[in-house]
Amino acid sequence: MLPASVVASWSPEIDAEAGRRSIAGFPVRVHSQHFARLQHTIMAVHGIDGAAVLREAARHAFAPLLARAVPPSSDLEVFTALFAALGLGRLGGGEPGTIDSHSAHAAHAWVAAFGEAAAPVCAVTEGFLEAAFAAMGQPCEVREIACIAAGAPRCRFTAASASSGAAVPGGVT
């Protein structure tokens, strides 16, 4: 069970006049179809790995928020609760070694804007999870192996150690 004190420490604040939201004093932006359009453009550029660009950008963008909002020695459940608090969807469940989402905001926004995708589109979620695992002292590479936007019933992510390639336990409950 997620400790109430951890969630309370996030102190979500909404500045209605400025249209801004912050968590733990860190400004956050919740995306929608406008983000899906930007993502679509980046992923469509020939000659670059658009998903890798988005994944790395997300990892670097989320790292300071995670460092500020999540206590040291937290487990993945705390990080996935913050993911939900950011309005990015819910992560959890899955088979051992995987993390699932039935409500990935990026995937649903993609489908609403473009219809079904040819490949997984949740690179920002990959980056968030990479930042979360790094904050837990387990640097890893996270990859989406199934995506709602590509017609799967859920988005599914795997994580492998950045140093050894061994699977990193997932399966948030």
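1. Let me start with the sheet in this predicted model. Three strands make up an open sheet, ordered β4-β6-β5, and their pairing is antiparallel. The edge positions belong to β4 (98–101) and β5 (140–146); each has a single partner strand, so one side of each has no neighbour in the sheet. On average, neighbouring strands here are turned by 25° against each other, with direction ignored.

2. A closer look at one pairing may help you. Strand β6 (residues 155–161) and β5 are joined in the antiparallel sense over six bridges. If you want a register mark to check on screen, Val142 stands opposite Ala159 in β6.

3. Arg156 deserves a moment of your time. This arginine is found in strand β6. Is Arg156 buried or exposed? Its relative accessible area is 14%, and the cut-off for buried is under 20%, so Arg156 counts as buried. Leaving aside residues up to four places away in sequence, Arg156 touches Gly94, Glu95, Thr98, Ile99, Asp100, Arg143, Glu144, Ile145 and Ala146.

4. Now for the helix that meets this sheet. Helix α6 lies across β4, β5 and β6, and runs at about 145° to β5.

5. Helix α6 also packs with a second helix. Two packed helices are described by the angle between their axes and by the distance between those axes. For helix α4 (residues 76–85) and α6, the axes come within 10 Å and cross at roughly 145°. The crossing in which α4 passes α6 is right-handed.

6. Which residues of α4 meet α6? They are Leu76, Phe79 and Phe83, and on the α6 side the contact involves Thr125, Phe128, Leu129, Ala132, Phe133 and Ala135. By type, the residues of this contact divide into eight nonpolar, one polar and no charged.

7. On to the rings, where a search of the whole structure finds three aromatic pairs. Phe62 and Phe128 form an edge-to-face pair, with 5.0 Å centre to centre and 85° between the planes. This pair links distant parts of the chain: Phe62 sits in helix α3 (residues 50–69) and Phe128 in helix α6 (residues 123–135), 66 residues apart. Both Phe62 and Phe128 are buried. Together with Phe83, these two residues form one aromatic cluster. Phe83 and Phe128 will be familiar from the previous point, since both are listed in the contact of α4 with α6.

8. Another of the pairs is a local one. Trp110 and Phe114 form a tilted pair, 5.1 Å centre to centre with 55° between the planes. Both residues lie in helix α5 (residues 105–114), four residues apart, about one turn of the helix. How does burial compare for these two residues? Trp110 counts as buried at 7% relative accessibility, whereas Phe114, with a relative accessible area of 30%, is partly exposed.

9. Finally, the whole chain, for context. There are six helices and six strands, and along the sequence they follow the pattern α-β-β-β-α-α-α-β-α-α-β-β. Of the 173 residues of the chain, 40% count as buried. Among contacts between residues at least 6 apart in sequence, 59% join residues at least 24 apart.

Technical notes:
Residues are numbered from 1 along each chain as its sequence is written. This is a predicted model: local features need pLDDT of at least 70, side-chain atom pairs count only at pLDDT 80 or more; totals for chains, interfaces and linings use all residues. Side-chain values use heavy atoms; hydrogens and water are left out. Rings of Phe, Tyr and Trp (its six-membered ring) pair if their centres lie within 6.5 Å; planes under 30 degrees apart count as stacked, over 60 as edge-to-face and the rest as tilted. Helices (H or I, at least four residues) and strands (E, at least two) are DSSP runs, numbered from the N terminus. Buried means under 20% relative accessible area, exposed over 50%, partly exposed in between (1.4 Å probe, protein chains only). Axes are lines fitted to C-alpha atoms, for helices over the stretch in contact, and angles run from 0 to 180 degrees between N-to-C directions. A crossing is left-handed if the near helix is turned anticlockwise from the far one by less than a right angle, and right-handed if clockwise. Contact means heavy atoms within 4.5 Å. Ala, Val, Leu, Ile, Met, Phe, Trp, Tyr, Cys and Pro count as nonpolar, Asp, Glu, Lys and Arg as charged, and the others, Gly among them, as polar. Two strands pair if DSSP finds at least two bridges between them.
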